[in-house]
Amino acid sequence: MNEFERRIPKKGKDGLFARGVDIIQVNIGLKCNQVCDHCHLDASPDRREVMGREIMERVLEIMDEVRPQMVDLTGGAPELNPDLKWFLSSLTENGLRVQIRTNLTALLEPGLEDLPGFFRDHRVDLVASMPCYLEENVRNQRGPHVYERSIEAIRMLNGLGYGTANGLKLDLVYNPGGAFLPGDQDALEEAYRKELRQRFGIQFTNLLTITNMPIGRFQEGLRKKHKDKKYLALLKDSFNPGTVDGLMCRRQISIGWNGDMYDCDFNLALDMTMDHGAPDHVSRFDIGSVAGRRIVTGIHCFGCTAGRGSSCGGALA
Ligand code: SF4
Ligand code: SF4
């Protein structure tokens, strides 16, 4: 058992175990049009790793077998995968519910103008990064002009019915602008709603707060400023046992661009594939050994259990 596993309230066997597969997250490539400070995947325009059709076809077979409640497509910027439309159509024609994680600005890239309408026509929900409602904070984390372009994209999505009453879902994602934990999710949601409505007349469905994980570019930035140890101590000191039941890895798996299988997107970023007898590649997928697998954990897992907890679906407790 590692340090994280020793902190988990003990219920039977040592370690953290999955309880089924409700969500399958598919990371269809590490290429991104942005280079954000807090990126745990080191995504950028220079990355060449993109999921091809052969792996997508195998993933579709797995979807047929598992019939998850949700397929969660992520990246990089998933919009930049040239096979996205084909993959998405195959999933939705098969009756699967799909959501896509977008950085918003990718929707405005030349040549991708028809994608938002395509998403709407396929009833795809959207989860969009918007780390603050204040321009300066977004610019510091995500680069110049990202704020203005994000607002422009939300306005365009609202025009298609996203994030509006009775429309398709458009959730926004907040993450802290430094080495601190997110504030209360409900209070932040209220502040976002008020500010974004008053300033720009734009709407969204829910706000999800996500803790910055001590990995990837974010961790590198902390290390350079000699803040990495202090941040890890904060995460450990803020361990909340009430978050353990809801940890996303317990009901979700993550598939990488090359078909490697992980317990979550953070393990994917660290290239810590499934283990403890569970298959590490889609070619060897077997629901019997995945559904109740022992999860591969590490020191970074304290990022999911700190304070109110954190997951791709927001706070946990
Ligand atoms: S955080 Fe998201 S938008 Fe920013 S570089 Fe990483 S994948 Fe791209
Ligand atoms: S980092 Fe991944 S494996 Fe660790 S607790 Fe969070 S979701 Fe689970």
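In this predicted model, helix H5 spans residues 135-142, and its buried residues are Val138, Gln141 and Arg142. These residues sit on the same side of H5, because they cover an arc of only 75 degrees around the axis. This fits a simple rule of helix geometry: an α-helix has 3.6 residues a turn, so residues three or four places apart point the same way. What lies over that buried side? Part of the cover for the buried residues of H5 comes from helix H6 (146-159). Right after H5 ends, Gly143 shows up with a positive phi of about 105 degrees.

Next comes the sheet. It is an open one, built from 8 strands with mixed pairing, and the order across it reads S6-S5-S4-S3-S2-S1-S7-S8. At its edges are strand S6 (207-209) and strand S8 (261-262), each of which pairs on one side only.

Starting from the S6 edge, S6 and S5 are parallel partners, held together by 3 bridges. One of the pairs across this seam is Tyr174 with Thr209 of S6. Strand S5 (residues 170-174) also runs parallel to strand S4 (residues 125-129), this time with 4 bridges. Here Leu126 faces Leu170 of S5, while Val127 has Asp171 of S5 as its bridge partner. Is S5 enclosed or open to the outside? S5 is largely enclosed by the rest of the structure, since 4 of its 5 residues are buried. Helix H7 (residues 185-200) lies across S5 and S6, and it runs at about 135 degrees to S6.

Towards the other edge, S1 and S7 pair in parallel through 4 bridges, with Ile23 standing opposite Gln252 of S7. Strand S7 (residues 252-255) has its side chains going two ways: Gln252 and Ser254 point one way, Ile253 and Ile255 point the other way, and all of them are buried. The pairing of S7 with S8 is antiparallel and has 2 bridges, and Ser254 finds its bridge partner in Tyr262 of S8. S7 and S8 make a hairpin with 5 residues between the strands, and in this hairpin Gly259 takes a positive phi near 90 degrees.

Some loop residues deserve a look too. Ile28 belongs to the loop between strand S1 (23-27) and helix H2 (53-66). Is Ile28 buried or exposed? Ile28 counts as buried because it has 29 C-beta neighbours inside 10 Å, and a residue needs 20 or more to be called buried. Setting aside neighbours within four places in sequence, the contacts of Ile28 are Met51, Leu73, Gly75, Pro78, Asn81, Leu84 and Trp257. Ile28 and Asp83 are 55 residues apart in sequence, yet their C-alpha atoms are 9.3 Å apart in space.

Arg123 and His226 make another story. Arg123 is in the loop between helix H4 (115-121) and S4. Its phi is near 55 degrees, a positive value in a residue other than glycine. Arg123 counts as exposed because it has 11 C-beta neighbours inside 10 Å, and the cut-off for exposed is 12 or fewer. His226, in the loop between helix H8 (216-224) and helix H9 (228-237), isn't a glycine either, but has a positive phi of about 60 degrees. With 8 other C-beta atoms within 10 Å, His226 is exposed.

That leaves the ligands. Which residues surround ligand 1? They are Cys32, Gln34, Val35, Cys36, Cys39, Leu41, Ala43, Gly75, Gly76, Ala77, Asn103 and Ser129. Sorted by class, this shell contains 7 nonpolar and 5 polar residues, and no charged ones. Gly75 is part of this shell and also one of the contacts of Ile28. Around ligand 2 are Leu247, Met248, Cys249, Asp263, Cys264, Phe266, Asn267, Ile295, Thr297, His300, Cys301 and Cys304. The ligand 2 shell comes out as 8 nonpolar, 3 polar and 1 charged.

Notes:
Residues are numbered from 1 along each chain as its sequence is written. Chains are lettered from A and ligands numbered from 1 in the order in which they are written. This is a predicted model: local features need pLDDT of at least 70, side-chain atom pairs count only at pLDDT 80 or more; totals for chains, interfaces and linings use all residues. A residue is near a molecule or strand if its C-beta atom, placed from the backbone, lies within 6 Å of it. Ala, Val, Leu, Ile, Met, Phe, Trp, Tyr, Cys and Pro count as nonpolar, Asp, Glu, Lys and Arg as charged, and the others, Gly among them, as polar. The arc is that of the directions from the helix axis to the C-beta atoms. Two residues are in contact if their C-beta atoms, placed from the backbone, lie within 7 Å. Two strands pair if DSSP finds at least two bridges between them. Axes are lines fitted to C-alpha atoms, for helices over the stretch in contact, and angles run from 0 to 180 degrees between N-to-C directions.
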